Amino acid sequence: MRFRGLVCTLLIIELLILSRGWSQQPTPPPAKPQQGGMSGGISSGVAAAPIYDKEKRAITKGGFVDKGTVVFQDITKAAGLSGWQHKMGVPEKNFIIETNGSGVGLIDYDNDGWLDIYLVNGSTFNALDGKEETPHAALFHNNHDGTFTDVAAKAGVTNDRWGYGVSIADYDNDGWPDMYVGNYGKNRLYHNNHDGTFTDVAEAAHVALGNWSPGSSWGDYDGDGLLDLYVTGYVHFDRDNLPIAGTKAVNFASCLYRGVAVNCGPRGLPGEPDHLFHNNGNGTFTDVTIKAGVEDKDRYFGFTAIFVDINGDGKPDLVVGNDSEPNFLYINKGDGTFDDQSYISGFALNKDGREIASMGIAAGDYENNGLIDFFVTDFGDDYKVMYHNDGDSSFTDVSYKVGIAQTTIPFVGWGDGFIDFDNDSWLDLFMVNGHVYPEVDQHDWGTSFAERPLLFRNVADATGKGRRFEYVAPVKDSGLAVVATARGAAFGDLFNDGKIDVIINPVDGPPVLLRNVNPDHHNWVEMQLVGAPKSDKSKGSPLDATCATVYLQANGARMRQDVLSSGSYISSNDRRLHFGLGDATDAGTAEIHWPSGAKEMVKLPAVDRIYTVTEGKGITGALCTGKPCANPQAPDQAASKPVAH
């Protein structure tokens, strides 16, 4: 019996090794080494049994139903987006750098009240060497009629580098949104020139860095009214020492997935450190990573980062998703430094004590209890993790309890978001998927390189006191049935109709624009916040109110939304705060916690409006179907009063 138990243990260990993406078995270099490349994420779970639909298709690209409610519709072509193509390396995906894909940002770059779309593009080795044209990023201007026009060249934001992530914020408090783009190579800080163009000031601002920096986030960590910048580092990729299986670059390891040779990494490759840059207020930044206590000493493989207030003290904390390594959670101490509570908080690992291949992070209050929860996407053969906020900066993995774990196991998850797609006052969950190894299409593993998205509806649990997530089946030919090698995704109200839409940036293909066509007639409100600048009497908020928190009391619920510069998978969502109201006709009262520390109550006078709320002034504008409201009912008559604190 003891021998049999030992054999079983060894078999389990072998399966775990294979499922982690590549086995590190020191072997002499083969005569013709099998080239490997990138691995966007490594499963830390055992290889899962394949699941097929009734037509014998892998569930990752099948499982469609003939009838049902159509929630999203693919309008990519009709919107004018299908002509742009993302490109990242070669189709074979020989190296890790070719597989991770890029993010997407929603930005109203011209301040016309309509969201525009920035799609980051990748590159190729030949393009870097000047042997072929460099792929260009796209900036799609919203034409207000359901279509978009690419103005990236005119705006000066084509990037022309190997692009990955984007975060959006007004870092210089001039009233116009700027963009930070993470690259392989030097990064870009695109300053908005107020005339439809941008200027890259990264070098002058001292935030260009180098090598591979996919993710970034903005937040005023020290409370001086100026937005600071956090940048994640991924793999240190050396073109002069390529990570080829069986070579010294990977310590002579074999790079295997389920016993098949694939590209190498990230495990076994050197990492890049993360950086925190303090905004000096004069257009430059200073690296304060070590001083602030957020040094990435082990150089974990960082992807998505988010500044958000976790413990409700009004100070932006920081979470970082690391690929195949423990996640970071830093609590802001209020003195310019952070306390690393990654492990003690429960956010570093999943419930089994395992690190996961964290790609995307969705931040939202899915229980309407005032606390921010996190949903983190992961590699295939492993469930995706819902971290429930228990209060006191503590988190519990409740993935199985809330009903999302089992369904997500076959999928390789990337971009994700908490969105109230049906405007019923409860945040639902959307995630996009796509494998990292093209080789999976050549094997009967129940998975696929291109995968469909997943949508879960937030519903009451069996007790009626808690919440769980109900899988929404994809109706054939609808947006949920789109199969793509998805990576970045951003969520926002692109048509100013109060419904949250999804823009997806896949690897090597056109973007996918999913318009929310859910047939509900529920009411809603949205809020764009404007912070008050620093004065003699106040330390001030960033002008774009990044990291502000709003609690809206309406429809019998107290909902929370936060102004965030980053999220999903190295992407940036609609910064306007969206609240579904169900059938309620009272828009409710908003309790706004400004970054300056001020608190303010604002009564919203009508539903189905996009309000502009300025710190200390209340409602200063409103849009109805994308145009200034003609309704005399109020936006400028709404009451506003400070909250004692």
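The largest cavity in this predicted model is lined by 28 residues. Nearest its centre lie A363, F418, Q561, N573 and D574. Four strands each give two or more residues to that lining: β20 (361-364), β24 (413-419), β33 (557-562) and β34 (577-582). If you are looking for enclosed or open space to explore, here is what the model holds.

**The largest cavity**
- The volume of the largest cavity is about 400 Å³.
- Its lining is mixed in character, with twelve nonpolar, eight polar and eight charged residues.
- A search over the whole structure turns up five cavities of 30 Å³ or more.

**The second largest cavity**
- The second largest cavity holds about 90 Å³ of space.
- Its lining is made up of 13 residues, and those nearest the centre are R258, D381, P410, W445 and T447.
- Sorted by class, the lining of the second largest cavity has seven nonpolar, four polar and two charged residues.

**The largest pocket**
- Turning to the pockets, the largest one contains about 610 Å³ of space.
- Its lining comprises 26 residues, with D108, N111, P177, Q528 and L529 nearest the centre of the pocket.
- At least two lining residues come from each of β2 (104-107), β6 (162-169), β31 (523-530) and β37 (609-614).
- The top contributor to the lining of the largest pocket is β31, which supplies three residues.
- The classes in this lining are 14 nonpolar, six polar and six charged residues.

**The second largest pocket**
- In the second largest pocket there is about 390 Å³ of space.
- This pocket is lined by 27 residues, and D313, G314, K315, P595 and G597 are the closest to its centre.
- The lining of the second largest pocket splits into seven nonpolar, twelve polar and eight charged residues.

**A quick recap for your set-up**
- For the largest cavity, the residues to display around the centre are A363, F418, Q561, N573 and D574.
- For the second largest cavity, the matching set is R258, D381, P410, W445 and T447.
- For the largest pocket, the central set is D108, N111, P177, Q528 and L529.
- For the second largest pocket, the central set is D313, G314, K315, P595 and G597.

Notes:
Residues are numbered from 1 along each chain as its sequence is written. This is a predicted model: local features need pLDDT of at least 70, side-chain atom pairs count only at pLDDT 80 or more; totals for chains, interfaces and linings use all residues. Side-chain values use heavy atoms; hydrogens and water are left out. On a 1 Å grid over the protein atoms alone, a cavity is a set of points where a 1.4 Å probe fits but cannot get out, and a pocket is an open set with protein on both sides within 12 Å along at least five of seven lines; lining residues have an atom within 4 Å of a point. Grid points are joined across faces, edges and corners, and a volume is the space filled by probe spheres set on the points. Ala, Val, Leu, Ile, Met, Phe, Trp, Tyr, Cys and Pro count as nonpolar, Asp, Glu, Lys and Arg as charged, and the others, Gly among them, as polar.
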